[in-house]
Amino acid sequence: MTVHTVVTLEASDKQIPEHAIVALRGNLRGTVALPGEDGYDTARTIWNAMIDKRPGVVVRCLGAADVIKAVKLARDERALLAVRSGGHNIAGNAVCDGGVLIDLSLMRSVRVDPMSGTARVEPGATLADLDKEAQAFGLATPLGINSTTGIAGLTLGGGFGWTTRKFGLTVDNLISADVVTADGRLLRASEKEHPDLFWALRGGGGNFGIVTSFEFKLHPLGPEVLCGLIVHPFEQATQLLRDFRRIAKEAPDELTTWVVMRKAPPLPFLPAEWHGTEVLVFACCYAGDIKDGEKATKALRALGRPIADVVSPQPFTGWQAAFDPLLTPGARNYWKSHDFTDLSDGAIKVIVDAARGLPSPECEVFIAHVGGAMERVAADATAWPNRDAHFIMNAHTRWRDKAQDSACIAWARRLYEAAAPFASGSVYVNFMPADESHRVENAYGTNYSRLAEIKRRYDPDNLFRMNQNIRPT
Ligand SMILES: Cc1cc2nc3c(=O)[nH]c(=O)nc-3n(C[C@H](O)[C@H](O)[C@H](O)COP(=O)(O)OP(=O)(O)OC[C@H]3O[C@@H](n4cnc5c(N)ncnc54)[C@H](O)[C@@H]3O)c2cc1C
């Protein structure tokens, strides 16, 4: 008799007989992919090429019923369980070694209701899937800056991007979610139904169950917005960051500027002599009327002596994908992130020093300006507590050659250590690499104990543990 081996929650091997796999296959709308079978490698390959895990069984789901069956299999066998949607998370928890992988990447439907200004979105949808559907009606909800990112992981971790200052975090725009819990039930979580679960889902990550459908509030935006890049020589970085700090403080909610420090990619609008040289880039987006945006971006655009300024009215869907070419899957990546309530001179010095010594041509330090509508929600209104963060810094360490692993990782850790005295101590869970489980409590701050209690109610055995894990109390 053929048997299949899975790794259990206790990290031992367990054999699943062939007839159990045959029964599951016959019961699904989707498919089961065992090692070597069609779809197996596609499902286990994720954005960060540092992650190369081999699950024992992959269930490629096509609907909530498939997810329920896959959860029951994992629970009954006490198998280690990973959940994959867009596969973008830096930590690589979307895949596991030896256990059951529930792959949701084929569930990509998006249904926009322009009348109510809402969207129903399946978990395998990418940001581009939602943006393209919603923008057909001049609507949007706040999402991130790389259009191939998964809606599911981004939303469950919090979600911020170009329109967060205007419309809040992604979780602030979540109306409801359908969730398969560890006991195999399908629950609707909203302000009215299972409100504790709904509270926890809005920032608590994949700890509480598997979301099979998200319902979002949409806002009128676009189809064109004023947006683009202003590229400066790196020598001016310190002064530019001080000016940015001042401009950010006075910015209206509509204006969001992120700073990127990196070696210039060969962008067609940059003179060739700058390609491969360190630059400081202001990437900005005005989520409102174009004419108002022209006024609001004046001070930023007047700074220093830029090499190029390509801020202009552009389709919002295009801007949402503008960074995709720099963030393609397949590279090795390691991140280190801090939240800042203010960009002190000390923080600026440490960041500029680090950006002077980038260890590879694809590494960058970025500083996202947040606040605005995000800040006006109480820290305990959702699981996402870090409402007082005004800037989120991420050391995006990215390279191709395995031989560079230690040099690149060491650079990110040095920057992280040096910046720590100036940071707030909190961190965005979605930017934490696999070796930061010790930061989970800090990431949730005063919301952690309530999350642990909700975890106990919905997942007492910690079936959903392949994530930035909140242990059940
Ligand atoms: C290039 C790049 C740019 C990014 N930019 C931004 C940004 O601008 N703003 C921002 O907020 N974030 C950003 N992120 C971070 C992003 O939000 C996280 O990586 C997020 O986890 C990605 O979601 P995913 O569905 O692709 O992840 P996956 O890797 O598929 O999943 C991540 C984790 O989420 C959980 N999970 C996934 N799907 C489900 C589900 N349906 N139900 C329950 N749990 C689930 C699992 O624990 C899983 O391990 C970026 C990431 C990358 C790689």
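## Cavities and the ligand shell

β5, α5 and β12 each contribute at least two residues to the lining of the largest cavity. This is a predicted model, and the tour below starts with that cavity and then turns to the ligand.

The largest cavity has a volume of about 860 Å³, and 47 residues line it. Nearest its centre lie His88, Asn89, Gly153, Leu154 and Asn430. By residue class, this lining splits into 26 nonpolar, 20 polar and one charged.

Happily for anyone setting up a binding-site analysis, the ligand sits in the largest cavity. Around the ligand there are 35 residues, with Ser85, Gly87, Asn89, Phe160 and Tyr428 coming nearest. The shell comprises 18 nonpolar residues, 16 polar ones and one charged. β5 (81-84), α5 (151-157) and β12 (210-217) each supply at least two shell residues, and α5 gives the largest share, four residues.

Backbone atoms also approach oxygen atoms of the ligand, as listed here.

| Residue (backbone N or O atom, or polar backbone atom) | Distance to a ligand oxygen atom |
|---|---|
| His88 | 3.0 Å |
| Ala94 | 3.3 Å |
| Gly150 | 2.9 Å |

On its own the ligand exposes 960 Å², of which the protein buries 98%.

In total there are four cavities of 30 Å³ or more. The second largest has a volume of about 60 Å³. Its lining includes Trp162, Trp258, Phe323, Glu364 and His396, and divides into eight nonpolar residues, one polar and one charged. β15 (255-263) and β20 (364-369) each supply at least two residues of that lining.

Notes:
Residues are numbered from 1 along each chain as its sequence is written. This is a predicted model: local features need pLDDT of at least 70, side-chain atom pairs count only at pLDDT 80 or more; totals for chains, interfaces and linings use all residues. Side-chain values use heavy atoms; hydrogens and water are left out. A residue is near a molecule or strand if one of its heavy atoms lies within 4 Å of it. A polar contact is a pair of N or O atoms within 3.5 Å; within protein, one must be able to donate a hydrogen and the other to accept it, and residues adjacent in sequence count only if both atoms are side-chain atoms. Accessible areas come from the Shrake-Rupley method with a 1.4 Å probe; for residues, only the protein chains shown count as cover. On a 1 Å grid over the protein atoms alone, a cavity is a set of points where a 1.4 Å probe fits but cannot get out, and a pocket is an open set with protein on both sides within 12 Å along at least five of seven lines; lining residues have an atom within 4 Å of a point. A molecule sits in a cavity or pocket if more than half of its atoms lie within 2 Å of its grid points. Ala, Val, Leu, Ile, Met, Phe, Trp, Tyr, Cys and Pro count as nonpolar, Asp, Glu, Lys and Arg as charged, and the others, Gly among them, as polar. Grid points are joined across faces, edges and corners, and a volume is the space filled by probe spheres set on the points.
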